[in-house]
Amino acid sequence: MDRIKRSLLKYVFGDDLEIKERLFRQILIAGILMCAVSSVENLLITDSPLVYTSIVATIAIMLAASVATFSYHRTELAAKILGVFFIFMFFPSVFFYSGGTEGGASLWLTMGIIYCFLMFDGLTLKIFVVLDILVNIAIYVLAYLHPEYINPLTNDFSEYLDSIFSVIMVGIVVGLLLLYQRALFTRERNKSLKQTEELEKANNATNAFFANMSHEIRTPINSIVGLNELILREKPGGEIEAYAENIQTASKMLLHLVDYILDKTQLELGQMEIMPVEYDTKDLLSELIDMIHIEANEKKLMLLVDVDRGLPSVLYGDEGRIRQILLNILTNAVKFTPTGSIAIIVKGEDQGNGNYKLTFAVSDTGIGIKKEDLEHLYDAFKRMDIQKNKRIQGSGLGLAITKELVSLMGGELTVDSIYTKGSTFSVTLEQRIVSAEPIGNVDFLRHKQVSVGEYRKTFEAAEANILIVDDNSMNSMVESKLLKETKVNVDIATGGLECLARTKKKFYHVILMDYMMTDMNGIETLRRIRNQENGLCKNSAVLLLTANTPTEAKKLCDDYNFDGFIVKPVTGEALESEIVKFLPDDIVEYRQKEIKPAPTVAGVDYKIMSMGAKRKKKVLITTDCIADIPEHVAKEYDIDIINMYIRTEKGRYRDNEEIDVSTFGEFDEEEGAIVAECPNVDDYQTFFATALGRAENIIHISASRQTCGALENAEAAAQSFDHVTVVDSGMISGGESILCIKTAAMARDNASVEEILSSIKEIKGKIATVYMLPTLRPLEKAPFMSYMLYRFGMGLRAGAVIRCIGGKFYPVVRPPLTGRKSVVRYVERGFKLMPTNKIDDSILVVNYVNYTVAEIREMEEAVKKHFKFKNVITVPTSVTTGTLVGKGSVGVSFMRL
């Protein structure tokens, strides 16, 4: 019995079945049982043989469908056949031969719709639902028109019995299906949760493995780097020295990869912690510039530095992670810049309450990033433009980790890039001010530089006693050899127990303690040294030797009171600089004091140059020349303008520079005689990149999407920049210029990008532009002009008035405005009829095509009779605008209250 039960459950709930097939099998079983019960019920309420025929046919069809799905898994076909049978045969016959609306047949019609939603999806679902609804409507219409088609039930008892039976059966069937659905959902959810848990465990195990391996790999790397340094100190010359230098380079690359993997696994395991400390801003920047200067010199790149003199001298934050973030970005900049320069810009902004927004920007003149690659820029192990960068080595982890670290610190990482022309990465972090004293004018040229591969000992102390505690004999040998030139006395202990034996017999000035040892770890050994009875080294400096990251090592030092730390792989410079801090002055016989100048490459001195540039604006407003902003107004409000192009039979010209509207009359208005062309995506990219040279953020206000393709090209170009926002003005000419002027005034008052963008919608809603056109011809292809209205107006030789209100165009066909006087009167009448309490008196812009100055002055005077504007700007349109509105056109733009 149990075997039969298990087999039945397997056929219905089998995990190897699709959900739809499982559900269909449930419907088949429920349907067969329902038909069997219905046959008993119909014995009590009707004597019609057709009802029994329908039930028998239904059972036969469902059994056939069961064979199709259980034996051949043709669920989709069986479901469709069964659906057609239910909709067109079974439910209609039940309705007509079971009393129609007087019985419970109506409830069964709903089962058809429920069946469709359970079994079908997509187009099939739509077809079956529509068919079912149409059939149901047809059934009711037919029953209403021909009640004689309905086989009535014998008495009231039969009607009530059929109705209650239908309610109970439909309710049970629907309830069972819902119960099954819920059980199926719960089962699948638990299964999914279990799989997710298993995957998470496997992922954590993998990450833990990589983390442990990253630590373990540092041990042999420590020996390789140390021994290789000893070879280089001997200056063997020839091929051996070249091999050693290559080993050194490869070791550094391997070490960087290990660090990346360790950071990535810690981030994925959620074990990465931010460890804020007080740090000196000048020291941090000096160290970074010092490190990157050498790499820049090797490639003959100019290094430009611009640091805000007002930066606080001491801040509070995770100095180690900040250094890692910036070094990743700077290293990438050098790596992907074959020629030119690297610029480092550091600035900040006091946020009040002791908070400080620190911003680092790194710009290069390198290969840039393709627009389509930007969305994958921070993907782990993803390298951009492999064909072009095949000679540049890297794992693709640097930026991925940098992005996650910045996010972990609550900061923001952005990029502005043009392919083949360069990139700018910007990092913004919130820090706390410890000392608000400005760093002032720091001379970064005076930092210490040591030529690559050249060893110079930093001290000598023949009386100093040093103990190295490490269970790896290779490592301890390398570390002792690295200290040979300092003449210190070195002893070696192979574990914690041997260390304790030595510290009880001999005093050591400094103890180098490995963190992970087999007999006793470094932490326990340190605790015992400090509490050792009759121990001679209770107060000696104990430095931690660890394969952890510098941030983790610092935390271990703080938590367990080590005096300092040295991160593996150990270098001679790191050993010496850390040890000498804890040696008494009276036993140090020699200290290196001289500072070498910055190295030169190929005889050229590559100095770090202070840019000393004018501070960038917070926000710069830019627009297209179709905004028709006069040059003096653009200069007053600091608005950058990109020119459109005009193609004529004589050639291609830059609008407003090489051609202007005064020559517009020379060209025939027939199609093709003069054509406006938008700047392409590359033009906009170059324009935005140049604008970002003097502003942190760009808001580009473009002509309406309904007028030309400028907006689309600008939006495509802006995808390469995180600091460029493109806005559809919804207008052209004077209306667009008012929007630019208003937003530029906000930018001049140091409003933020968010504040300006939130105000643009409100300003757009208040701007009104009215353009008078003497002919409809320029509007033939305008998207806001219907073809029928255009043909009607042209047939009447009519003119047009275009109103642009709230960013929407409303064209009106009207009798032509013949002569300049009629245009003046039309404008005057418009302002005369407009209530003065609904007009903003701040600005009026008048744009025109082929009008004389006297005619425009006459129009201004006509307006002044009824309304006085504080600022009236009259300007001829660009040729681009002229091609959109035609010769003899004039437009007025203002703001409503």
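## Negative surface patch

With a relative accessibility of 48%, E412 counts as partly exposed, since this class lies between the limits of 20% and 50%. The model described here is predicted. E412 belongs to strand β6, which covers residues 412–418. Together with D722, E754 and E755, E412 forms a negative patch on the surface.

## Nonpolar surface patch

A nonpolar surface patch is made up of L107, I164, V167, I168, I172, L176 and L179. The accessible area of these residues together is about 580 Å². Helix α7, spanning residues 156–233, supplies the largest share of the nonpolar patch, namely six residues.

I164 is one of the residues of this patch and is located in helix α7. The relative accessible area of I164 is 44%, so I164 is classed as partly exposed.

## Cysteines

The number of disulfides in the predicted model is zero, the criterion being a pair of cysteine sulfur atoms within 2.5 Å. C537 takes part in no disulfide. For C537, the nearest cysteine sulfur belongs to C499 and lies 7.7 Å away; C537 therefore has no partner within the 2.5 Å required of a disulfide.

Two cysteines may also be described by their accessibility. C537 has a relative accessibility of 1% and therefore counts as buried. C740 is likewise buried, because its relative accessibility is 0%. Both values fall under the 20% limit for a buried residue.

Definitions and conventions. Residues numbered from 1 in each chain as written. Predicted model: local features only at pLDDT ≥ 70, side-chain atom pairs only at ≥ 80, totals over all residues. Heavy atoms only, no water. Buried < 20%, exposed > 50% of the residue type's maximum accessible area, 1.4 Å probe, protein only. Patch = residues over 30% accessible without salt bridge, like charges linked within 9 Å, V, L, I, M, F, W, Y side chains within 5 Å. Areas by Shrake-Rupley, 256 points an atom, 1.4 Å probe, with all protein chains shown as cover. Salt bridge = Lys/Arg side-chain N within 4 Å of Asp/Glu carboxyl O. Lys, Arg positive; Asp, Glu negative; His and termini not counted. Charge placed at Lys NZ, Arg CZ, Asp CG, Glu CD. Helix = DSSP H or I, 4+ residues; strand = E, 2+ residues; numbered from the N terminus.
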